[in-house]
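These are my notebook entries on a single protein model. I set out to look up salt bridges, a helix packing, selected residue environments and unusual backbone geometry.

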Amino acid sequence: MRAVGWWEPGGPAVLTMLELPRPEPGPGEMLIRVEAATINPADLSFREGRVGSAITGPPPHVGGLEAAGTVAAAGPGSRWEEGQRVAAITAFIPGGRGAHAEFLLVPDDAVALLPDALRTVEAAVIPMSGLTAQLAVDQAGAAPGTTVAVTGAGGAVGAFAVELAVAAGARVIAVAGAEYADRLRAMGVSDLVARGEGAPARLRELVPGGVDVVIDGALLGEALLPAIRDGGRLIAVRAYSGATERGIATGTISVRVYGREQAKLQRLVDLAAAGSLTPRVAATFPAARAAEAHQRLAAGGAGGRLVLTFG
């Protein structure tokens, strides 16, 4: 099978088209014929060699944390049938092989069935980004009477978090660039705060007692503490190593917690098919142009996920 990967870590130029053996599903596993797979910031870190000793499998290595396509084969005892349209979450830790390949082997419970109303390329955006956002919103305790600020609200995870927190009944304040203002207002945010150094102070002006929780999709970290109430919470979507104050709980979430929560993934997919959750595809690239896609992601400001297509 074809896959996008590398033999040695480095810049986008190390990416190459590989020929790898097609996996075969075992008990409780299924094989997806991948049609679309996203590129995430974690893929850049992996390709650059910043994952370190977490990878135990030998090269070549292949990135990719989420994909969508059709069931190519199902292992013994699998609930899935050949030809079903599906989306799945996977991991390249520890083995070093992810979703950027023509075929992807995953456990049965890491997969959701796609309704006809949902396009495959849009479905590919949901598993990792959607489950990360759902985990953040769940840990935030988003509910009527709570105020949740979301930084990076224009990005893939941040936008999902906004929609899910609004649906949970929370007051949601979005921190994002002006180019996302109309989109975020349509999602139901109560207020918009321009990204930049003044964002924490502006949040405090809007909520004098401090917001209950910040979901930090923009990785602003410790600078957000003044915006949070005493005893509130800062939830980082990637590693947080700053200090804390006034009893504010800080922590980093890992999507692995929900990686085998099939019912949660299916719910997100169904919400997207019903128009209640919005997968945002910034651009698609044929797999052979993966290096260009990596460069585009590294430049920032995509406003959605970049997707590799296999055909």
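The entries below record what I looked up, topic by topic.

**Entry 1. Salt bridges**

I worked throughout with a predicted model. I searched the whole structure for salt bridges, and the search returned 13.

I looked first at arginine 47. I found that this residue pairs with glutamate 48, with 3.7 Å between the closest N and O atoms. I then looked up how accessible the two partners are. Arginine 47 has a relative accessible area of 2%, so I entered this residue as buried, the limit being under 20%. Glutamate 48 has 35% relative accessibility and I entered this partner as partly exposed.

I next took the pair of arginine 119 and glutamate 122. Their closest N and O atoms lie 3.5 Å apart, and the pair is a salt bridge. I noted both partners as partly exposed: arginine 119 at 49% relative accessibility, and glutamate 122 at 23%. The figure for arginine 119 falls short of the exposed class because that class requires over 50%.

The third pair I examined was aspartate 182 with arginine 185, a salt bridge whose closest N and O atoms are 3.7 Å apart. I recorded aspartate 182 as exposed, at 63% relative accessible area, and arginine 185 as exposed, at 53% relative accessibility. I located both residues in helix α5, which spans residues 181–187. They are 3 residues apart there, about one turn of the helix.

I also asked which residues are joined into one network by salt bridges that share partners. The network I found consists of Arg47, Glu48 and Arg50.

**Entry 2. Packing of α3 and α4**

I noted beforehand that the description of two packed helices rests on the angle between their axes and the distance between those axes. For helix α3 (residues 126–140) and helix α4 (residues 156–167), I read an angle of about 50° and an axis separation of 8 Å. I therefore classed α3 as oblique to α4, since about 50° is neither under 35 degrees nor within 65 to 115. I recorded the crossing of α3 past α4 as right-handed.

I then listed the residues that make the contact. On α3 they are Ile126, Ser129, Gly130, Thr132, Ala133, Gln134 and Val137. On α4 they are Ala156, Val157, Phe160, Ala161, Leu164 and Ala165. I sorted the contact residues by type and obtained 9 nonpolar, 4 polar and no charged.

**Entry 3. Two residue environments**

I looked up leucine 105, which I placed in strand β7 (residues 103–107). I entered leucine 105 as partly exposed, with a relative accessible area of 29%. Setting aside neighbours within four places in sequence, I found leucine 105 in contact with Pro23, Glu24, Pro25, Glu29, Met30 and Leu31. For leucine 31 I also took the C-alpha separation from leucine 105, which is 4.6 Å, although the two residues are 74 residues apart along the chain.

I turned next to histidine 294. Is this residue buried or exposed? I found a relative accessible area of 3%, and histidine 294 is buried. Histidine 294 belongs to helix α8, residues 290–299. With residues up to four places away in sequence not counted, histidine 294 touches Pro12, Leu15, Ile39, Asp43, Leu44 and Arg47. Arg47 thus reappears from the first entry, where I noted the salt bridge with glutamate 48.

**Entry 4. Backbone geometry**

I kept in mind that most peptide bonds are trans and that most residues other than glycine have a negative phi. I therefore searched for departures from both patterns.

I found a cis peptide bond between proline 59 and proline 60, with omega of about 5°. Proline 60 sits in the loop between α1 (41–47) and β4 (61–62). I found another cis bond from isoleucine 93 to proline 94, with omega near 5°. I placed proline 94 in the loop between β6 (85–89) and β7.

For phi, I noted a positive value, near 60°, at leucine 219. I located leucine 219 in the loop between β12 (211–216) and β13 (228–236), and I entered leucine 219 as partly exposed at 39% relative accessible area. Arginine 246 likewise has a positive phi, near 50°. I located arginine 246 in the loop between β13 and β14 (249–252), and the relative accessible area of 33% makes arginine 246 partly exposed.

Definitions and conventions
Residues numbered from 1 in each chain as written. Predicted model: local features only at pLDDT ≥ 70, side-chain atom pairs only at ≥ 80, totals over all residues. Heavy atoms only, no water. Salt bridge = Lys/Arg side-chain N within 4 Å of Asp/Glu carboxyl O. Buried < 20%, exposed > 50% of the residue type's maximum accessible area, 1.4 Å probe, protein only. Helix = DSSP H or I, 4+ residues; strand = E, 2+ residues; numbered from the N terminus. Axes fitted to C-alpha atoms, helices over the stretch in contact; angles between N-to-C directions. Parallel < 35°, antiparallel > 145°, perpendicular 65-115°, else oblique. Left-handed = near helix turned anticlockwise from the far one by under 90°. Contact = heavy atoms within 4.5 Å. Nonpolar A, V, L, I, M, F, W, Y, C, P; charged D, E, K, R; others polar.
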